[in-house]
Each structure stands twice: as C-alpha cells, then as structure tokens.
Amino acid sequence: MSEDSKNKATFNVPIGPVHPALKEPILFTFKMDGELVEEVDFAPGKCHRGIEWMGMRRNPVQIVHLTDRICGICGVSHSLAFARAVEQIAEIEVPERAHYVRTIIAEYERLQSHLLWAGVAAHELGFDTLFFLAWRVREESMDVIEYLTGNRVNYGIVQVGGVRRDFTEDQFPRIEASLQYYEDIAAKLLKLFLEDKTIQIRCKQCGVMSKREALELCTVGPTARASGVAMDVRSDSPYAAYGDLDIAPVLPHHYLGLTNGDVYDRIVVRLLEVVQSVDLIRQCLANMPPGEVLWEKKYPKILAACKKATGEAVGRVEAPRGECLHYVRMDGNPSPQTWKVKASTYSNQLSWLKMLKGEQIADIPIVVASIDPCMSCTDRVAVVRDDRTDILTKADLHRLSVEKTRRLAQWS
Amino acid sequence: MSFLPAIPEILRQFLKRPATNIFPAKYLPPSVTKYLQSVQEGKTSIHPPVETPPNFRGKILYDRDTCIGCKLCIRVCPANAIEFLPETKRVRIYVTQCIFCSQCNDACPVDALHMSDEFLLADEDRYSENMIVE
C-alpha cells in the first residue's frame, strides 16, 4: 500500500436527479470515504409543477380537485387539508356523516400507501418477490377505493363542505370483505417482512435516528414515530371523525419492546399502521351517523360562500407520510390570494443528512426510501436560466418581490 | 425456513393463477400495429380489461339538447376543459384536457352531462373527433 492511498482521500458521488435507485427527482451529492458516506448534501427543486400558481387562478371548488393531483398516493390527504382550510375560512359546517366518509377514505389511502411503501422498501433491498407480494395485497384496497369513489387513484371524493359520494349500506359488505382480507393477511405480512433474515440484516441498525434527533429535525409521521416520538395529527388535533375514534400513535416498542429508530422500526410502524387502519375503518362503519354528506347540494351556493369568505386558515391532516399542511388566504375574490402546500416530505427530508452519515453506498437506496419521500409533492421553486440553476435565498425572494410590486405599480 | 418465511409463499404461488389481468394480450406481440390491425379485422381477440366499477368516471357524455347554456360547468371545471360557444349557447369539451373528476356532472342543473365507462382514449391527434365532445 503506497503512502498516497493511506491518506484519507474522499471522493464525491452524485446520485440523481434521475437515477434508478431513486423513485423521484432529487440530486444527492455524497462525499465518500471508501464505502462509507462521510457527508451528504441534497438539492431538491427538480420537479416544480406550478400547482399553487394554477390554484391561485381558480376557485376553491376547482382547486379541491387539483389538490388530488399534488400527490398520486396521498391524494385525499391534500384535498382534505385544503377543504378543511377553506371550510374554516368560509365557516362551513361539514355534516357528521361526511366526516366519517372522509375518515374511511383517508384510512384506505393509508392502507394502500403503506403497503406500496413496504413493497418499494423490499424492492430497494433487492427483494423483488416481496415487492410483488406487497403490491398484490395492496391491490385489494385499490379495488375498494375504486368501488367506493369511482377511480383508483384520483378519488375526487372530497368537496368543500363535505364529500361528493355517500357510502350506502349495500356497499358495506364489499368494505367488510376487504377488511377481513387484511385482518387475515396481516399476521402473514408481519412475518414475511419482520422475521425475514435478509430484511433483518439489511435494516437493523441502518439509518438510525434517535428520538432527540427526530424532534430536533422536526420530522413528522411514521418517520418520527419510528424514532419513538408519540406524534400523530389524528390523535393530537383530531379532524374529520378521528375525535370519535379510539386511536393512539403506533410506536415500534409496542411490537418490539424497544425503539431503535432504524429502518427496521420504520417498517414495523408502517405495517402496524396497516392493522390500525383496518380497526379504524371498522369503528367508522359501526358508528356512521345517518344524514346528508354535503353541506350544500347546489354548486352556485358553495361557490358564492367561498367567494364571500375572507380570512386565513390552516388545514392539517395526517397523510400516510406525515403531517400535510395547507395554508389558504381568501380576500373576497373567487380565487384564493395565497395557497401554500407543505407536503410531509418537506419536514422529513432533512433527516436524510443524519441518517445517511456513516452508512455504506449499498444502503443509500433503502435509507432514502425509508422516510417514504415524495419529491414531486414537496418541490416548489426552481429557477433555471441559461442552463444555470439559481438557489433563491430569502434576500433574493424579497428583491424579486419588490421588483414585481414596482412593475405592477408602473402598469396600473 | 424459519428465517426465510418468503420461500413457502413463493412455492405456493407456483400453483396459483397470476394476480395480474393479461390485458390486452398475454405476451407483447412482435408488432403492436400488426396486432391491432388483426384485432380490427377480427382475426385475433383482445383479452378483456377488468370490468369498471359502478359510477366509474370515464369519457364524458354531453346531451346538447338538454343543455341550457348556464356555464356552471365551466365555473367548476378544474382543468378548464370546457369551452363556451356563444353562437349556439352550448359547450365544447376537450377530452384530452379533462381530468375525469365529474364535477361538471354534479353541478349541472339539468343533468346534461354524464360519465361513460369508456376509458381507452389514446389518440394521435389531440383535436380528433373522438377527443372533442360537443
């Protein structure tokens, strides 16, 4: 061994923005020391779709279906968060039954999202058999969602002031059949994922994040709960029908007896939440009150109520990936003055810096996937001019804002 | 096998039918255009797709005689896929733009808009006859 190679020479490995190991566009730069990750940096902002810009040119009744398309997986979480924000501004009271319908669909979404994630995690470990198996199991919830709402992915069921479709008694047997299916298969899923030797050796003590770090990095959702933070919007500040339901945050020590905060714990939390969702849907079906599902059937009245509304509000929803937040400000115009979407990955992505440090190259895909990232929902502003990407700091944004005001003042 | 619980599951799967529906054909044909031609001529048959559920939201249907031209569908369409034609006081719907939310169906006061079961809507031309409903 020569003297040179003994000197700690690090080298940089860029991964992304488009890379087979990543499901969505993001650029990672790893500073490697041999096989080990010494430093991580990442640059989001590769997939800006201008969805907020589109929203600010539409009225809330139109936006609520645009929000379905922010994320392909957690569609109803975004529509629910947006609808809740608008309902607070316009002081619309949602009928009790609509709350239950919203909860059932939100829980079905969590079922399918967590099973999708479990499959992706298995795929990232190179365990494609389990990937196909998890997705086959997931298909049952997709079928029920399609049966209840009319579409598999963009459900379009939430409306400002309620929901657009009611669940009737004759649909209950199909729902019940799917719940039975998941109850029967839950033990098998837990066994296939958690007792498997390959998954254990790859996931245990991999991508560790302690409870303190999880709190300091402001992580949300299953990522935070896997590190032992008992936090869940559904129980902390209940929305829809969650206030009536018996619900407590799922923590890894309920199953394992201790919390490690590693990738394995994140699998445990998500799979246990599948079991929890089945229970919550059961509770909803048992307690569903009769009545209307939409505050006002006539669309011109909904539009008028939204137009009259002034004020600002925040809608918080526990999406499958964590807290999803929508800020809306209405000023008496048909379209909102401001609409800001904070997807759950926005809060979770900084935990990568901590989790990836000291891991090997081969662990990068599973650690990155372990927070269930959804970059397209998170990304907001990316300016590319003359093949150069600018990062806009607060000062830059302020300058641009002042320039725009001056421009507008000139025209008027 | 206690440490590899997936192996019995894999062996069991050998005896089961595949979960995937083999639509439109079991294997990728050597030439897709030739395959579609032979389907049109009636020589080959397509394996049918999974049935759509009740209340499925497919291609939009428009009843221009019932329509009263109130423009409410235009106000609620999230994709701005509906155009108003002032000469006839009727609407024109661009299917390529439509996002199949069926909100116009709910909003329509005279029930002139409906959703069909049709979902195979691929076309080479955005403005072909099949892609515009009026």
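This passage describes the contact between two chains, one helix that faces it, and the strand pairings of each chain.

The model is predicted; local features need pLDDT of at least 70, side-chain atom pairs count only at pLDDT 80 or more, and totals for chains, interfaces and linings use all residues. Residues are numbered from 1 along each chain as its sequence is written, and chains are lettered from A and ligands numbered from 1 in the order in which they are written. The complex has a predicted ipTM of 0.89 and a pTM of 0.90. For chain B, the mean pLDDT (the predictor's confidence in each residue, from 0 to 100) is 89. In that chain, 99% of residues reach 70 or more.

Chain A brings 24 residues to the contact, and chain B brings 23. Two residues are in contact if their C-beta atoms, placed from the backbone, lie within 7 Å. On the chain A side, at least two residues come from each of helix 3 (60–66), helix 6 (128–149), helix 7 (172–194) and helix 14 (299–308). Helices (H or I, at least four residues) and strands (E, at least two) are DSSP runs, numbered from the N terminus. Helix 6 of chain A gives the most, with 7 residues. The side of chain A that touches chain B has 9 nonpolar, 6 polar and 9 charged residues. Here Ala, Val, Leu, Ile, Met, Phe, Trp, Tyr, Cys and Pro count as nonpolar, Asp, Glu, Lys and Arg as charged, and the others, Gly among them, as polar.

In helix 14 of chain A, the buried residues are A:Tyr299, A:Ile302, A:Leu303, A:Ala305 and A:Cys306. A residue is buried if 20 or more other C-beta atoms lie within 10 Å of its own, exposed if 12 or fewer, and partly exposed in between, with C-beta atoms placed from the backbone. These buried residues lie on the same side of helix 14 of chain A, because they cover an arc of only 160° around the axis. The arc is that of the directions from the helix axis to the C-beta atoms. A:Lys301 and A:Lys308 are exposed on the other side. The cover over the buried residues includes helix 3 and helix 4 (75–90) of chain A, together with helix 3 (72–76) and helix 4 (103–107) of chain B.

In chain A, strand 2 (residues 27–33) and strand 3 (residues 36–43) run antiparallel, joined by 7 bridges. Two strands pair if DSSP finds at least two bridges between them. A:Leu27 stands opposite A:Ala43. The two strands form a hairpin with 2 residues between them. In the turn, A:Gly34 has a positive phi of about 65°.

Chain B holds an open antiparallel sheet of 3 strands in the order 2-3-5. Strand 2 (82–85) and strand 5 (132–133) of chain B each have a single partner strand, so one side of each is left without a neighbour in the sheet.
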